[in-house]
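User: I would like a close look at one part of this protein, the loop residue with a buried charge, and then at how the rest of the fold is held together. Please keep the sentences short.

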Amino acid sequence: MKIKITAAAVIIAALLLFLGVHFYNTIQEKEWQIQREAVQAAYQKTILAQVTNVERFVGEQPFTIIHGEDKIGQKLLVWVGDDQIFTQMASDGIDAERAKAITLSRQPAASIKRVVPGVWNGNLVWEVFYKIAAEQTNPDRYYYDYYLFKDGTWLDTYRLSIQ
């Protein structure tokens, strides 16, 4: 009897795992397709030869950002939007670590959650999303800082409102 119950539990667990994976893949397929198309466009229209990372930026217009290398191994970034493509050598701008450092110099209490390249007001930027811990009477606050990709110049800060 115990063997039948154990076998049934294993079968049910395997079925639930299979359905969970299938559900996740179904939900993510549209995003993965957008990323695949952006990478193909970058290969065709830029000097990109190898991809190391792909991420999304959603601002005024969504962009897929592709980190990679050209044929001689130089690092570059490609921003692929619906109707625009921008390419910059990584050495022509600051990196994510520098954007974090700038944010922490401006907001020492910040807990950085994410740093992603993007396009904001027509500029290639680094978007830094961070939290500043609450004081006793105030809730945590979340912020977006925008820095020029080229030199790290601070452009603006958006504070998320309390819900």
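The answer below starts with one loop and then moves outward.

Analyst: This is a predicted model. The part to look at is Asp-70.

Asp-70 sits in the loop between strand 2 (62-69) and strand 3 (75-80). Does its acid side chain find a partner of opposite charge, or does it go without? Asp-70 is buried yet has no salt bridge. The nearest side chain of opposite charge belongs to Lys-71, and that is 9.7 Å away. A salt bridge needs the nitrogen within 4 Å of a carboxyl oxygen, so Lys-71 does not qualify.

What does the side chain of Asp-70 reach instead? It reaches the backbone nitrogen of Gln-74 at 2.8 Å. The backbone nitrogen of Ile-72 also lies 3.1 Å from a polar atom of the Asp-70 side chain. Both distances fall within the 3.5 Å limit, so both meet the distance cut-off for a polar contact.

Now look further along the chain. Leaving aside neighbours within four places in sequence, Asp-70 is in contact with Ile-47, Ala-49, Leu-76 and Met-89. Of these, Leu-76 falls in strand 3 (75-80). Met-89 falls in strand 4 (residues 85-89).

Strand 2 and strand 4 are also linked by rings. The structure holds ten aromatic pairs. One of them joins Phe-63 and Phe-86, with ring centres 6.1 Å apart and planes at 35°, so the pair is tilted. Phe-63 lies in strand 2 and Phe-86 in strand 4, so the pair ties together parts that are 23 residues apart in sequence. The two rings differ in burial. Phe-63 has 2% relative accessibility and counts as buried. Phe-86 has 27% and counts as partly exposed. Ring pairs also link Trp-79, Trp-126 and Phe-149 into a cluster.

Phe-149 leads to another loop. Gly-93 is placed between strand 4 and helix 2 (96-106). Leaving aside neighbours within four places in sequence, Gly-93 is in contact with Phe-149 and Lys-150. Gly-93 and Leu-77 are 16 residues apart in sequence, and their C-alpha atoms are 10 Å apart in space.

Asp-70 lacks a salt bridge, but the structure holds six of them. Three are worth a visit.

Start with Arg-56 and Glu-31. Their side chains meet in a salt bridge at 3.1 Å, N to O. Arg-56 lies in strand 1 (residues 50-58) and Glu-31 in helix 1 (residues 2-45), so the pair ties together parts that are 25 residues apart in sequence. Glu-31 has 24% relative accessibility and counts as partly exposed.

Next come Asp-145 and Arg-106, whose side chains meet in a salt bridge at 2.9 Å, N to O. This pair links distant parts of the chain: Asp-145 is in strand 7 (residues 141-148), Arg-106 is in helix 2, and 39 residues separate them. Asp-145 counts as buried, because its relative accessibility is 0%. Arg-106 is partly exposed at 34%. So here is a buried acid with a salt bridge, whereas Asp-70 is a buried acid with none.

The third is Glu-127 with Arg-114, where the closest N and O atoms are 3.0 Å apart. Glu-127 is in strand 6 and Arg-114 in strand 5, 13 residues apart. Glu-127 is buried, with a relative accessible area of 4%. Arg-114 is partly exposed, with 35%.

That salt bridge spans two strands that are also paired. Strand 5 (residues 110-120) and strand 6 (residues 123-132) run antiparallel and are joined by ten bridges. One bridge pairs Ala-110 with Ile-132 in strand 6. The two strands form a hairpin with two residues between them.

What stands out in that turn? Asn-121, found in the loop between strand 5 and strand 6, has a positive phi of about 55° although it is not a glycine. Asn-121 is partly exposed, with a relative accessible area of 47%.

Back to the starting point. Asp-70 is buried without a salt bridge. Its side chain instead lies 2.8 Å from the backbone nitrogen of Gln-74 and 3.1 Å from that of Ile-72.

Definitions and conventions:
Residues are numbered from 1 along each chain as its sequence is written. This is a predicted model: local features need pLDDT of at least 70, side-chain atom pairs count only at pLDDT 80 or more; totals for chains, interfaces and linings use all residues. Side-chain values use heavy atoms; hydrogens and water are left out. Helices (H or I, at least four residues) and strands (E, at least two) are DSSP runs, numbered from the N terminus. Buried means under 20% relative accessible area, exposed over 50%, partly exposed in between (1.4 Å probe, protein chains only). Lys and Arg count as positive and Asp and Glu as negative; His and the chain ends are not counted. A polar contact is a pair of N or O atoms within 3.5 Å; within protein, one must be able to donate a hydrogen and the other to accept it, and residues adjacent in sequence count only if both atoms are side-chain atoms. Contact means heavy atoms within 4.5 Å. Rings of Phe, Tyr and Trp (its six-membered ring) pair if their centres lie within 6.5 Å; planes under 30 degrees apart count as stacked, over 60 as edge-to-face and the rest as tilted. Two strands pair if DSSP finds at least two bridges between them.
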